[in-house]
Amino acid sequence: MNIILLGPPGAGKGTQAQRLVKHRNMVQLSTGDMLREARTSGTEMGKVVAAVMDRGDLVTDEIVIGLIRERLAAGTTDGGYIFDGFPRTLAQADALGALLEELGESLDRVVEMQVDDEALVARITARSTCGNCGEVYNDNTKPIPADGVCTSCGEAAEFKRRADDNEESLKTRLLAYYKQTSPLIGYYHAKGTLVSINGLAAMEEVATSMDQALDG
Ligand code: AMP
């Protein structure tokens, strides 16, 4: 089963994707993670996208479609793919449809995670991730363990905050979501693959809604 997690920054896409990876043997394809990796490893592309990402704008369709094409060409997976943070524009959505078709794969569900803007600001400015495994923490709801050992990978890790997790970038990221990404809700509704869930509930409740969306 191949799915897309759709929602504004901070909606909980990454957290739910991690859970699906653990429980359903799915493979998470996060273009945000791929771009951050490119920056860390100092590739030419990483240098090109750094300023764009820090501002909160979208990087070009060409770059992100190229990243997804590369990953999909590397082979399919039994558990299926979770597209997290991709597609973010109609052009990306069309490209993903074409890539999956070439591989004889289908897009089975698009899960829209609905949240309100106030909750997003609170979540984003409180979040951090394990530098080792990427487990997501939140100062209020899931604080970093006092002993500094990640509850997911068991490593004494460095916990990182993202450079673009500040109110200024968030404004730009939200605007990009409403202008460029939210039209995908109508697009996938028309294709009959859209399911919307409440992303504001407690993490376990969201997980239950997610399971219902995928299995229903
Ligand atoms: P994310 O981790 O999904 O919040 O992405 C972080 C940043 O990476 C975004 O604010 C964009 O600058 C860039 N990015 C990630 N995915 C995409 C995409 N599909 N299209 C364009 N830009 C993206």
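**Entry 1. Strand 4 and its partners**

I looked up isoleucine 3 and found that its bridge partner in strand 4 is arginine 109. The model I am reading is a predicted one. Strand 1, residues 3–6, pairs with strand 4 in the parallel sense, and I count 4 bridges between them. I then turned to strand 8, residues 194–198, which also pairs with strand 4 in the parallel sense, over 5 bridges. Within that pairing, valine 110 stands opposite leucine 194 of strand 8.

Is strand 4 largely enclosed or largely open? I noted that 5 of the 6 residues in strand 4 (residues 109–114) are buried, so the strand is largely enclosed by the rest of the structure.

**Entry 2. The open sheet**

I next examined an open sheet of 3 strands, whose order is 6-5-7 and whose pairing is antiparallel. Strand 6 (136–138) and strand 7 (159–160) are the edge strands, since each pairs on one side only. Strand 5, residues 127–130, runs antiparallel to strand 6 and is joined to it by 3 bridges. I checked which residue of strand 6 faces arginine 127, and it is asparagine 138.

I also looked at the ring of tyrosine 137. Lysine 142 lies over the face of this ring, 5.0 Å from the ring centre.

**Entry 3. Aromatic pairs**

I searched for aromatic pairs and obtained 5. For tyrosine 81 and phenylalanine 83, the ring centres are 6.0 Å apart and the planes stand at 40°, so I record this pair as tilted. The cut-offs behind that label are under 30 degrees for stacked and over 60 for edge-to-face. Phenylalanine 83 also forms a tilted pair with phenylalanine 86, at 6.5 Å centre to centre and with 50° between the planes.

Are tyrosine 81 and phenylalanine 83 buried or exposed? Both tyrosine 81 and phenylalanine 83 are buried. Phenylalanine 86 is buried as well, like phenylalanine 83. I therefore describe Tyr81, Phe83 and Phe86 as a cluster because ring pairs link them, the tilted pair of tyrosine 81 and phenylalanine 83 being one of these.

**Entry 4. Salt bridges**

My search of the whole structure returned 14 salt bridges. I followed several of them individually.

Arginine 24 forms a salt bridge with aspartate 215, and the closest N and O atoms are 2.9 Å apart. Arginine 24 lies in helix 1 (residues 13–24) and aspartate 215 in helix 9 (residues 203–215), so this pair ties together parts that are 191 residues apart in sequence. Arginine 24 is partly exposed, with a relative accessible area of 24%. Aspartate 215 has a relative accessible area of 54% and is exposed.

Arginine 55 and aspartate 57 form another salt bridge, with 2.7 Å between the closest N and O atoms. I looked up the accessibility of both partners. Arginine 55 counts as partly exposed at 46% relative accessibility, and aspartate 57 is partly exposed with a relative accessible area of 31%.

I then took the salt bridge in which the side chains of aspartate 139 and arginine 161 meet, at 2.9 Å from N to O. Where do aspartate 139 and arginine 161 lie in the chain? Aspartate 139 is in the loop between strand 6 and strand 7, and arginine 161 is in the loop between strand 7 and helix 7 (167–181). The pair is 22 residues apart and links distant parts of the chain. Aspartate 139 is partly exposed, its relative accessible area being 37%. Arginine 161 is also partly exposed, with a value of 48%.

I noted one network besides: Arg127, Arg162, Asp164, Asp165 and Arg173 are joined into it by salt bridges that share partners. Arginine 127 is the residue I had already met opposite asparagine 138.

**Entry 5. Around the ligand**

I listed 16 residues around the ligand, of which Thr31, Arg36, Asp57, Arg88 and Gln92 come nearest. Asp57 is the salt-bridge partner of arginine 55 from the previous entry.

Which atoms approach the nitrogen atoms of the ligand? For valine 59, a backbone N or O atom lies 3.1 Å from a nitrogen atom of the ligand. For glycine 85, a backbone N or O atom lies 3.0 Å from a ligand nitrogen atom. For arginine 88, an N or O atom of the side chain is 3.0 Å from a nitrogen atom of the ligand.

Notes: Residues are numbered from 1 along each chain as its sequence is written. This is a predicted model: local features need pLDDT of at least 70, side-chain atom pairs count only at pLDDT 80 or more; totals for chains, interfaces and linings use all residues. Side-chain values use heavy atoms; hydrogens and water are left out. Buried means under 20% relative accessible area, exposed over 50%, partly exposed in between (1.4 Å probe, protein chains only). A charge sits over a ring if NZ of Lys or CZ of Arg is within 6 Å of the ring centre and within 35 degrees of the ring normal. Two strands pair if DSSP finds at least two bridges between them. Helices (H or I, at least four residues) and strands (E, at least two) are DSSP runs, numbered from the N terminus. A salt bridge is a side-chain nitrogen of Lys or Arg within 4 Å of a carboxyl oxygen of Asp or Glu. A residue is near a molecule or strand if one of its heavy atoms lies within 4 Å of it. A polar contact is a pair of N or O atoms within 3.5 Å; within protein, one must be able to donate a hydrogen and the other to accept it, and residues adjacent in sequence count only if both atoms are side-chain atoms.
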